[in-house]
Amino acid sequence: MIQDLHAHTYYSFCSSDTPEAVVEAAVRGGVKQLGFCDHNYGVGCARTDFCWNQGTRLHSDYEKTLVRYYDHMNTIRDKYKNKIRIFCGIEICTLDCEHSYALPTGADVSFFDFCLVENLDDPRSITGGDIFSFAKRCGCLTGIAHTDLFAFIKARGDDPYRYFRRMAQEGIFWELNVNYDSLHSFKSHDYVTEFLKNKEQQDIVRRSGVRLSVGFDSHIAKEYKPERIKATCAALQKAGLHLVFEGR
Ligand SMILES: [Zn+2]
Ligand SMILES: [Zn+2]
């Protein structure tokens with residue numbers, strides 16, 4: 001299975017690609033499952049500059065804009081249903097900083113096909129480092145994005161197998177982010193490079209039953225590199241590891 005569950009469109013402040021351009025780049029690249037995953041603050045603020053200029057965190061129609069985005073992506077899913085399987089997700093920021101806003105308390109994301117939670121390992125994260133409670137709050141299939149989980153678990157003093165096992169039991173998956181584009185200064189994620197060569201880490205994840213996702217985190221369709229997706233999916237398959245949405 002060739003899967004990319006992390007693609008941004010013009011719903012994110014940092015991308016200007018239409019959903020169609022993103023899907024077509026994925027289809028050309030041989031991707032079979034694609035997940036839209038725009039930022040909550042781009043979607044929720046409906047890409048207006050309202051929130052920046054007014055110094056207001058919350059667009060008055062935040063809830064409606066999440067639903068509108070979901071509905072729009074589902075029309076794209078239907079339009080391309082004979083070419084690619086599309087899932088509608090959302091990337092959830094859990095940190096308030098200069099250019100990103102954490103998901104507001106009470107904003108409903110439970111109707112999404114999945115969500116990717118970022119900043120779990122930041123001490124300022126609204127998750128408080130507790131993905132298990134936060135996944136329940138999200139109410140949809142939840143993945144941990146951008147995170148060196150082995151380092152995170154070690155810093156907490158937890159046992160990696162037990163932590164991954166609990167993730168598997170609660171249906172939480174782990175994202176391997178294979179981005180490499182100009183927006184991120186052509187910097188790849190070290191935790192992914194390490195995981196792909198570390199048999200001990202792979203063994204722990206395999207035994208735990210945790211599912212993985214692979215994502216390019218594309219913000220610029222022109223710089224999409226499907227070969228990174230393909231190589232990673234193939235390596236995981238060879239190692240006997242399972243992807244989320246496998247068989248769907
Ligand atoms: Zn992210
Ligand atoms: Zn992203």
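The paragraphs below lead through a predicted model, beginning with its two zinc ions and moving on to two helices, one residue of a third helix and the cysteines.

A good place to start is the zinc ion (ligand 1), which is coordinated by Glu 91 through OE, Glu 118 through OE and His 146 through NE2, at 2.0 to 2.2 Å. Read along the sequence, these donor residues follow the spacing E-x26-E-x27-H. Two of them link distant parts of the chain, since Glu 118 sits in the loop between strand 4 (114-117) and helix 5 (131-138), while His 146 sits in the loop between strand 5 (142-144) and helix 6 (149-156), 28 residues apart. Glu 118 has a relative accessible area of 9% and is therefore buried, whereas His 146, with a relative accessible area of 24%, is partly exposed.

The zinc ion (ligand 2) has its own set of protein donors, namely His 6 (NE2), His 8 (NE2), Glu 91 (OE) and Asp 217 (OD), which lie 2.1 to 2.3 Å from the ion. Why is the arrangement of the four donor atoms around this ion irregular? The angles that they subtend run from 77 to 166°, and a tetrahedral arrangement would need all angles to lie between 85 and 135 degrees, while a square planar one would need opposite donors over 155 degrees apart and all others between 65 and 115. Along the chain, the donors of the zinc ion (ligand 2) are spaced H-x1-H-x82-E-x125-D. Here too a pair of donors joins distant parts of the chain, with His 6 in strand 1 (residues 3-7) and Glu 91 in strand 3 (residues 85-92), 85 residues apart. His 6 is buried, at 0% relative accessibility, and Glu 91 is likewise buried, at 0%.

Glu 91 has appeared in both donor lists, and this residue indeed bridges the zinc ion (ligand 1) and the zinc ion (ligand 2), which lie 3.2 Å apart.

From the metals we can turn to helix 5, whose buried residues are Ile 131, Phe 132, Phe 134, Ala 135 and Cys 138. Because these residues cover an arc of only 165° around the axis, they are on the same side of helix 5. The general background is that an α-helix has 3.6 residues a turn, so residues three or four places apart point the same way. Among the elements that cover the buried residues of helix 5 are strand 3, strand 4, strand 5 and helix 7. At the start of this helix, a side-chain oxygen of Asp 130 reaches to within 3.0 Å of the backbone nitrogen of Phe 132, and the helix is followed by Gly 139, whose phi is positive, near 80°.

Helix 9 (residues 199-208) can be read in a similar way, for its buried residues are Gln 201, Gln 202, Ile 204, Val 205 and Ser 208. They cover an arc of only 160° around the axis, which means that they are on the same side of helix 9, and on the other side Lys 199 and Glu 200 are exposed. The buried residues pack against helix 6, helix 7 (160-169), strand 6 (173-177), helix 8 (190-197) and strand 7 (212-215). To take one of these residues, Gln 201 is buried at 12% relative accessibility and, leaving aside its neighbours within four places in sequence, is in contact with Phe 150, Glu 194 and Phe 195. The N-terminal end of helix 9 is capped by Asn 198, which has a side-chain oxygen 3.0 Å from the backbone nitrogen of Glu 200, and after the helix comes Gly 209, with a positive phi near 85°.

Helix 6 also contains Leu 149, a residue that is buried, with a relative accessible area of 0%. If its neighbours within four places in sequence are left aside, Leu 149 is in contact with Ile 144, Tyr 163, Phe 164, Met 167 and Trp 174.

The cysteines remain, and how many disulfides does a search of the whole structure find? The search finds zero. For Cys 88, which is in no disulfide, the nearest cysteine sulfur is that of Cys 37, 8.8 Å away, and a disulfide would need the two sulfur atoms to be within 2.5 Å. Cys 88 is buried, at 1% relative accessibility. Cys 93 is in no disulfide either, as the nearest cysteine sulfur, belonging to Cys 97, is 5.8 Å away, and Cys 93 is buried, with a relative accessible area of 2%.

Definitions and conventions: Residues are numbered from 1 along each chain as its sequence is written. Chains are lettered from A and ligands numbered from 1 in the order in which they are written. This is a predicted model: local features need pLDDT of at least 70, side-chain atom pairs count only at pLDDT 80 or more; totals for chains, interfaces and linings use all residues. Side-chain values use heavy atoms; hydrogens and water are left out. Donors are N, O and S atoms within 2.8 Å of the metal (3.2 Å for Na, K and Ca); water is not among the atoms, so sites may look incomplete. Helices (H or I, at least four residues) and strands (E, at least two) are DSSP runs, numbered from the N terminus. Buried means under 20% relative accessible area, exposed over 50%, partly exposed in between (1.4 Å probe, protein chains only). The arc is that of the directions from the helix axis to the C-beta atoms. Contact means heavy atoms within 4.5 Å. A polar contact is a pair of N or O atoms within 3.5 Å; within protein, one must be able to donate a hydrogen and the other to accept it, and residues adjacent in sequence count only if both atoms are side-chain atoms. Four donors count as tetrahedral if all angles lie between 85 and 135 degrees; four count as square planar and six as octahedral if opposite donors are over 155 degrees apart and all others between 65 and 115; anything else is irregular.
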